[in-house]
Structure formats: structure tokens, C-alpha cells
Amino acid sequence: MTAKLILEGKEYDLPTLRGTENELAIDISKLRAQTGAVTYDPGYGNTGSCQSAITFIDGEAGILRYRGYPIEELAGKVPFTHVAYLLIHGELPNAEQAAAWSESLRGNSLVHEGLLNFFDHFPVTAHPMNILAGMISSMSSFYPADSTDDAHIQQNILRLIGQVKTLAAFSYKKSVGEPLIYPRNDLSYCANFLRMMFATPCGEYEVSKTMEDALDMLLVLHADHEQNCSTSTVRMVSSSEANIYASVSAGVNALWGPLHGGANQAVLEMLQRIEADSGDYKKYVEMAKDKNSGFRLMGFGHRVYKNFDPRAKLLKKAADAVLDELGVSDPLLDIAKSLEEVALNDSFFVERKLYPNVDFYSGVIYRALGIPTDMFTVLFSIGRMPGWIAHWMEMRNDPDGRIHRPRQIYTGATLRHP
Ligand code: ACO
């Protein structure tokens, strides 16, 4: 099947292609050569930037699958480290592969001692996302980061997944002025992280199974989301054959923005603001509808999901269960639920198909786990690490891969002379 384009009276046949889930695309890769025209798609809402076999989303039907597996059959059911293996290697690990993978991740959880000095030079007010991005970028000075040597690449992948949680916990410890707690190799990925966050040398810290399981589920829910802003950033940077640390640290920086991963921090701050304002959530729904207010309901809306975000659905259920199991009652959860109910019945939100996204309920759970607000997006980064890596690998091995270099429609001054 071809698509017909009529441009300035001339007809062109453009090839089409279909994905395995039947999505239809018009191949415009030769458009400029054939017609002299380029396409215009600000924000890339209609642009397929690559072919990818990692994650499938149907935003109309609220479907999210990693390598074909529905998110509902992974989150809370398959450990995060196995999901990481699935995203990177394409299949869930068998028992032997899982044991070897976990062992290798544990063996790579220690941060290079030389890197630790860097922590001392950030001001105490530094945002942990800034610290994390800086630390990951600096890893390429400490390890061979050659993008062409497969043995180095595999080792660097293990370092990134193994160390990201250690770097995250260390940045928190530095910010509260407590001594660093080193990883312990007999603990699971999530238990290790929670212990590095909350233990002190003054006593042993027993990791709660409820907290460990809740964190594992959260990380799985965040592990990949196809060509989102941070993943596209990782792909963009890696298209120049930049090394894996340079590419992934760019992803951390992109994730930090409040319209992307930074929304989880912004949601909690919004809920706190509403609580301090006598819990008047209806006022904030009205404010979000007023374009002049400059205020948006954080945690609402999504470029792709136009029905519901399946991750938000799972998180809403999990928030009730986790708070219940931990014996925590949080007025912010009640405000979040009331806000959602009002917004979902309001024509402004209904007409624009605005629903809660992954960031709407995650913060309430992080808070119940004792995670400070400015660490929320860091937790998102730990979860998204395998996704970024899987896309970095796919990009590297793509026979059609070329350096990313979009065109523009120039609107500046035409030729003039000083
Ligand atoms: N509150 C109020 N109005 C909104 C919201 C919101 N949260 N989101 C979108 N709208 C409105 C817009 O004003 C616009 O209205 P209009 O058509 O009358 O002009 C319409 O809905 C479409 O919005 P866009 O900004 O064009 O949608 P886009 O796809 O570009 O943006 C985004 C998606 C960034 C997620 C947006 O919905 C938003 O800012 N949400 C709040 C931030 C947030 O929660 N981000 C996390 C996303 S999930 C993630 O990245 C992990």
C-alpha cells in the first residue's frame, strides 16, 4: 500500500509500513529528496522516529506492554531486576540466567571510590537529580566507555543498573548529613536501596517486606515507556555514537522537567498546597481550567494516553493497599482521590481526554515509604534505567540508524547586510 501526496499539483506515491500491532505509518524518509518539502510536526506528536521492538502502547485502549507482556502481568508479579533483563535482552530470564544476572548486578553495586569525592563539592541545596546526572556522566571518566567494544558495553550496563541505586541513596545521605551506608550483597535490589537510604551505623535496619515489594512494583511500572522525552533524548545523544554514560545522563536531565518525570514531585507539592489551603481542591480544578492562571493539574494529561494510563490505575489500587499495610493514613491521598473525581466529571477534562498519569499516585506511595519529595524523580530514574539502556542498545544495533538531525522551517530575517 502506498499513500498519495499531491503537492503543488504534482502527485507522489509514498511507501507505508505497519508495525506488528498494525499501526500504520507513512514513510517520508525520501520526501525531501523527492519533493523538496519537509514535514512540520512540533513536539513530534505524529512522528515515528524509529522502529522499536521494546514497548508497545495503545493510548486509546490504555494498553502498555514490555516486549509483549502486559504491564498488569509484570508489576508486583515479576521482580524489577527480571523486568530489566527482559527489556535489555528481549526475554524474561530462566532460573539460571536470573541468578547470574542478579549476582552480576550485586557485584556492580559499589560506586568507584574516586567518584565519592564529588559528593563533597555539591552544595547541600543541590537537587538530587542534578547530582545523579552529574555522577552518571562522570562514570565515563572512571570506566572504559568505548561504544564499540561489546564486553565494555555489557559491563557498563551492569554498572549502571547496579550503581544507580547506590548513587541515589548516597546523594540522599549527603543531603541529610549522614554517613554513607554501603550496599550489602545478600539483599535484593530494592531492599538494598531502602537499607542504604534509611540505615545508620548506629544500629541495624530491618527492611520491611511491604516497602520492598511496593518499591519493586513502582520500579517495574516506570521501567520503560517507548519514545517519551527522556528516552528520545537518550536516543538523540546516542545517535552521535556518544558513550552510554553520556547518553543516559542526558536522559536523567530530560526526566527532571516538571512536564515529564519531575511531575511526581510537582504533584505532591500541589497536594500539599491544596491541603494548606483548607483542602479546597475544587478551587484548583477551576484554576487549571483558567488558561490565564498558568496553573495545570500536575499528574493529569498525557501525550499518548487518551482513555486512561494503566500505570495510574495500578498505582491507585496499590496506594490504598500499601498505606493500609504500613498503617499510614495520609490526607493527601484523600485530596488526590477527590481531585481526580471532580476532574474526571468536568467537561474541560473530559473533552480534552485528560486522565491521571503515572505521577499522580506514585508520590503518595513514596511518601508512605518515607522517601523525601525531592527524591521522587530520582526513584523514577532508577526505574527507567533499563528502558534507557534497552533503547541505547537498540539504537546502536539499528541498521537504519543515522545521526539524529531534524530540519526546521526558517522564519528569521531574509538576507540583509550590516
Ligand atoms: N491541566 C489542565 N489542562 C491541561 C493539562 C493539565 N494537566 N494538560 C493538558 N491540558 C490542556 C491544555 O491546556 C490543552 O488545552 P487546549 O486544547 O484548550 O489548549 C489540552 O489540554 C492539550 O494539552 P497539551 O499541552 O497540548 O498536551 P501535550 O500532549 O502537549 O502535553 C502533558 C502532555 C505535558 C503531559 C500535559 O498534559 C501536562 O502538562 N500535564 C501536567 C504535567 C504532568 O503531569 N506531566 C507528566 C506526564 S507523564 C510522564 O512524563 C511520566
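A polar contact is a pair of N or O atoms within 3.5 Å. The model discussed here is a predicted one.

Q: What makes the approach of Leu259 to the ligand a polar contact?
A: A polar backbone atom of Leu259 lies 3.0 Å from a nitrogen atom of the ligand. The cut-off is 3.5 Å, so the pair of Leu259 and the ligand qualifies as a polar contact.

Q: How do you know that Lys291 and Leu297 make polar contacts with the ligand as well?
A: A polar side-chain atom of Lys291 is 2.5 Å from an oxygen atom of the ligand. For Leu297, a backbone N or O atom is found 2.7 Å from a nitrogen atom of the ligand. Both pairs therefore meet the limit of 3.5 Å. By itself the ligand exposes 920 Å², of which the protein buries 75%.

Q: Which residues are the closest to the ligand, and how many surround it?
A: The ligand is surrounded by 21 residues, and Lys291, Arg296, Leu297, Gly299 and Arg303 are the closest.

Q: Why is Glu8 called exposed?
A: Glu8 has a relative accessible area of 82%. Exposed means over 50%, so Glu8 belongs to that class. Glu8 is located in the loop between strand 1 and strand 2, and in this hairpin, with two residues between the strands, Glu8 adopts a positive phi near 50°. The C-alpha atom of Glu8 is separated by 9.7 Å from that of Thr35, 27 residues apart along the chain.

Q: How do you know that strand 1 and strand 2 pair?
A: Six bridges join strand 1 (residues 2-7) to strand 2 (residues 10-18). Pairing requires at least two bridges, so these strands pair; they run antiparallel. Within this arrangement, Thr2 stands opposite Pro15 in strand 2.

Q: What makes strand 5 and strand 6 a pair?
A: Two bridges link strand 5 (residues 63-66) and strand 6 in the antiparallel sense. The requirement is at least two, so the pair qualifies. Tyr66 stands opposite Tyr69 in strand 6.

Q: Why are strand 4 and strand 6 said to stand at the edges?
A: The open sheet has three strands in the order 4-5-6, paired antiparallel. Strand 4 (55-58) and strand 6 (69-70) each have a single partner strand, so one side of each lacks a neighbour in the sheet.

Q: What makes Tyr40 eligible for a nonpolar surface patch by accessible area?
A: Tyr40 has a relative accessible area of 65%. Patch residues need over 30%, so Tyr40 satisfies this condition. Together with Val38 and Ile409, Tyr40 makes a nonpolar surface patch of about 320 Å². Tyr40 is in the loop between helix 1 (31-35) and strand 4.

Methods
Residues are numbered from 1 along each chain as its sequence is written. This is a predicted model: local features need pLDDT of at least 70, side-chain atom pairs count only at pLDDT 80 or more; totals for chains, interfaces and linings use all residues. Side-chain values use heavy atoms; hydrogens and water are left out. Helices (H or I, at least four residues) and strands (E, at least two) are DSSP runs, numbered from the N terminus. Patches are made of residues with over 30% relative accessible area and no salt bridge: like charges are joined within 9 Å, nonpolar side chains (Val, Leu, Ile, Met, Phe, Trp, Tyr) within 5 Å. Accessible areas come from the Shrake-Rupley method with a 1.4 Å probe; for residues, only the protein chains shown count as cover. A salt bridge is a side-chain nitrogen of Lys or Arg within 4 Å of a carboxyl oxygen of Asp or Glu. Buried means under 20% relative accessible area, exposed over 50%, partly exposed in between (1.4 Å probe, protein chains only). A residue is near a molecule or strand if one of its heavy atoms lies within 4 Å of it. A polar contact is a pair of N or O atoms within 3.5 Å; within protein, one must be able to donate a hydrogen and the other to accept it, and residues adjacent in sequence count only if both atoms are side-chain atoms.
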